[in-house]
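Hi everyone, thanks for having me. Today I'd like to walk you through a structure by way of its aromatic rings. Let's get it up on the screen.

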Amino acid sequence: MSITEKRPVHIIGGGLAGCEAAWQLARRGVPVVLHEMRPERGTEAHKTDALAELVCSNSFRSDDAQNNAVGVLHAEMRRLGSLIMACADSHQIPAGGALAVDREGFAAAVTEALLAQPGITLERGEVAGLPPDEWDSVIIATGPLTSPALAEAIRARTDEQALAFFDAIAPIIHFDSINMDVCWFQSRYDKMGPGGTGADYINCPMDKEQYEAFVAALVASDTVPFKDFEAGAIAATPYFDGCLPIEVMAARGPETLRHGPMKPMGLTNAHNPTVKPYAVVQLRQDNALGTLYNMVGFQTKARHAEQVRLFRMIPGLEKAEFARLGGLHRNTYLNSPRVLDSTLRLKAEPRLRFAGQITGCEGYVESSAMGLMAGLFAAAERLGREVALPPATTAHGALINHITGGHIETVEAGPRSFQPMNVNFGLFPPLDANPTRDADGNRLRGTQKTVAKKQVLAARALADLDAWALRHADPAREVAA
């Protein structure tokens, strides 16, 4: 059957994820109709009608495939024939160890490649609502600036809370960087809660002097201003779930945090039971692997360097390593662990598959990677082949696992806890045994252990990706079939 005789897959959104999905489908002989609403309907952030326009930074972050998780993701995408990575590589500009691109040249290259690819039809115009029933395979890759009509239709179909909001994000810390000689496990009043054990939180104690110094530093911290398109909407769009930034709460009075997220009641310091802490910062498990913990109630708009400085003032977090720092920005994303299946399909309507930032990943590269995966999954379905997930040990697999099932809900009733995240080594399954010696047999010490661990995780990821791709992601085999 020729490509023109096959039913097309419809892709809504011509950003990074939508373009990558279209490329992967067309390479496998599956026709695509790519729907992009610009220029008929613009957004507050886009300036052109080019596909894959970069609206914020022009950096794809670290390109180090040995020591950095996003670098591993770069390498995996290149091995899977990514259009986004090919165009980024061909329009790279100097940026040290990072992969930065000439944004206009990059977008032009992606647009040109897609328009020249047989089987891809570009249709300009807004899809104002759920796609018509005759579109039996759809990838929605509309990103954080999804049109209001489509966002409302998705919200109604998922029966979830609003999709558009100002999203206050709390930092997430690697468990192995927390000093458990200072901190201890305990739930407030030892309550078990649904799915809990009575020791579900890591507690970081503060005395009065430490608390007052922390609050003073928090109030004086430098924060990130809203972007132009956010500033006009903040008055009409509330913080999601009423999550006030921690610095806003602190500014309301010196005791506010002690009676809010830092209240010490119901907690006994396991290392010093006779001394009651004046305040306590709680960390809650964030992923099923137990490698990541989020700072409860610590959503913030402080600048990233300020956050690292401030939060390392907290006892037990002096050497904290952050998988994600806090932020506050307008966003549109699904509560994916609840509403999507493992192949990014909407459980309530499996003909709809999602990709990119709307799934709850953060960053250009992660969005593109989820577009790549959505394209592979949709192609396999259309061609009658097995839809095979990449191993969880790969960067792609770890990210999908977090989005669709690796995240855990809070152990207490409250706002939904799933938040967008960049890829990081904390999402990867732990090694059976961490390396203790280098290639020459010398014992690893201090930061050497961390570096060696990252390198082993990276090597495992790329080896497992290669083995999986050979069986499940060869476009030549699929086109020939």
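**Rings and cores**

Okay, so if you search the whole structure, you find ten aromatic pairs. Keep in mind that this is a predicted model.

Let me pick one pair, Phe60 with Tyr364. Their ring centres are 5.7 Å apart and the planes sit at 45 degrees, so we call this pair tilted. Now, where are these two in the chain? Phe60 is in strand S3, residues 59-62, while Tyr364 is in helix H11, so the pair ties together parts that are 304 residues apart in sequence. And both Phe60 and Tyr364 are buried.

Phe60 has plenty of other company. Skipping its neighbours within four places in sequence, Phe60 is in contact with residues including Leu54, Val70, His74, Phe106 and Val365.

That takes us to the largest nonpolar core, which has 90 residues. Phe60, Phe106 and Leu114 are the ones with the most contacts inside it. Which helix gives this core its largest share? That's H11, residues 364-382, with eleven residues. There's also a second, separate core of 30 residues, and Cys183, Met206, Leu257 and Ile314 are among them.

Back to rings for a moment. Phe214, Phe298, Phe311 and Phe322 are linked into a cluster by ring pairs. And Arg258 lies over the face of Tyr278, 3.8 Å from the ring centre.

Last thing, confidence. The average pLDDT is 87, and 87% of the residues score at least 70. But over residues 229-242 it stays under 50. Where pLDDT is low, don't read the predicted coordinates in detail.

Note on methods
Residues numbered from 1 in each chain as written. Predicted model: local features only at pLDDT ≥ 70, side-chain atom pairs only at ≥ 80, totals over all residues. Heavy atoms only, no water. Core = buried A, V, L, I, M, F, W, Y, C linked by side-chain atoms within 4.5 Å. Buried < 20%, exposed > 50% of the residue type's maximum accessible area, 1.4 Å probe, protein only. Helix = DSSP H or I, 4+ residues; strand = E, 2+ residues; numbered from the N terminus. Contact = heavy atoms within 4.5 Å. pLDDT = per-residue confidence, 0-100. Phe/Tyr/Trp six-rings, centres within 6.5 Å; stacked < 30°, edge-to-face > 60°. Lys NZ or Arg CZ within 6 Å of the ring centre and 35° of its normal.
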